Amino acid sequence: MLLPLACLAFISGTNAPEQWLRLPSGASAIPLDLIVEEGVQRVRMIGQGLAQDVAGYRRDPQRLFDDMQDICTRHAASGTVPDGTNVIVTLMDKEVQFGLSDPSVIQYFESFIIRGGTCALDDTEFLH
């Protein structure tokens, strides 16, 4: 099930989901959509300045991981994500229709599992 941008107000904690979200690295992202499948929730975001690497992700991949974990944590904090749910965070520099690829678009993916209401790196084989 694809939910529109308006359904992601929980991430920003406001009633205006179109506002940019400040991430731990100092980068900004805006919610694009939320795709809910059985046992999996995909949070897709557009990151400002990804093509120019303004957040320094290429120099320091830990910054990217921290930002993606922060996005997952905000999603899990909504209280709508049960334990054991796989949360896949996508951060891209411009919108790409889900399921399609575009080699001109930078896309980062990370997979988390919700344990005790927190986001832990999902180190199982990625099957989704």
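Of the 128 residues in the protein chain, 47% count as buried. Keep in mind that this is a predicted model. Now start the tour.

**Stop 1: the whole chain**

Show the chain as a cartoon. You should find two helices and seven strands. Follow them along the sequence and the order is β-α-β-β-β-α-β-β-β. Next, turn on the surface. About 6,800 Å² is exposed, and carbon and sulfur atoms supply 53% of that area. Now think about contacts with a separation of 6 or more: residues 24 or more positions apart account for 58% of them.

**Stop 2: helix H2**

Select residues 61-76. This is helix H2, with 16 residues. From first C-alpha to last, H2 reaches 23 Å, close to the 22 Å expected at 1.5 Å a residue. Which residues of H2 are buried? Colour Leu64, Phe65, Asp67, Met68, Asp70, Ile71, Cys72, His75 and Ala76, and you have them.

Stay on H2 and pick Arg74 and Asp70. They form a salt bridge, with the closest N and O atoms 2.8 Å apart. Why are they about one helical turn apart? Because Arg74 and Asp70 are four residues apart in helix H2. An α-helix has 3.6 residues a turn, so residues three or four places apart point the same way. Arg74 is partly exposed at 25% relative accessibility. Asp70 counts as buried at 17%, because the cut-off for buried is under 20%.

**Stop 3: the nonpolar cores**

In soluble globular proteins, nonpolar side chains tend to be buried together. Select Tyr57 and Leu91. In the largest nonpolar core, which has 24 residues, these two touch the most other members. At least two residues of this core come from each of strand E3 (28-37), strand E4 (40-47), H2, strand E5 (86-92) and strand E6 (107-115). H2 gives the most, with six residues.

Centre the view on Leu91. Beyond its neighbours within four places in sequence, Leu91 is in contact with residues including Ala29, Met45, Tyr57, Leu64, Met68, Ile71 and Tyr108. Then look for a second, separate core of six residues, with Leu32, Met92, Val96 and Val105 among them.

**Stop 4: salt bridges between strands**

The count of salt bridges comes to three. You have seen Arg74 with Asp70. Now select Asp33 and Arg44, whose closest N and O atoms are 2.7 Å apart in another salt bridge. Asp33 lies in strand E3 and Arg44 in strand E4, so this pair ties together parts eleven residues apart in sequence. Are Asp33 and Arg44 buried or exposed? Both are buried.

Move to Glu37 and Arg42. They also form a salt bridge, with a closest N to O distance of 3.3 Å. Glu37 is partly exposed, with a relative accessible area of 34%. Arg42 is buried, at 11%.

**Stop 5: Thr85**

Select Thr85, in the loop between H2 and E5. At 6% relative accessibility, Thr85 counts as buried. What does Thr85 touch, not counting residues up to four places away in sequence? Show Gly39, Val40, Gln41, Phe112, Ile113 and Ile114. Thr85 and Gln41 are 44 residues apart in sequence, yet 7.2 Å apart in space, C-alpha to C-alpha. Add Pro82: its backbone oxygen lies 2.7 Å from a polar atom of the Thr85 side chain.

**Stop 6: Ser111**

Finish in strand E6, at Ser111. Ser111 counts as buried, at 6% relative accessibility. Which side chain does the side chain of Ser111 meet in a polar contact? Select Asn86, at 2.8 Å.

Notes
Residues are numbered from 1 along each chain as its sequence is written. This is a predicted model: local features need pLDDT of at least 70, side-chain atom pairs count only at pLDDT 80 or more; totals for chains, interfaces and linings use all residues. Side-chain values use heavy atoms; hydrogens and water are left out. Buried means under 20% relative accessible area, exposed over 50%, partly exposed in between (1.4 Å probe, protein chains only). Contact means heavy atoms within 4.5 Å. Accessible areas come from the Shrake-Rupley method with a 1.4 Å probe; for residues, only the protein chains shown count as cover. The expected span of a helix is 1.5 Å times one less than its number of residues. A nonpolar core is a set of buried Ala, Val, Leu, Ile, Met, Phe, Trp, Tyr and Cys residues joined through side-chain atoms within 4.5 Å. A polar contact is a pair of N or O atoms within 3.5 Å; within protein, one must be able to donate a hydrogen and the other to accept it, and residues adjacent in sequence count only if both atoms are side-chain atoms. A salt bridge is a side-chain nitrogen of Lys or Arg within 4 Å of a carboxyl oxygen of Asp or Glu.
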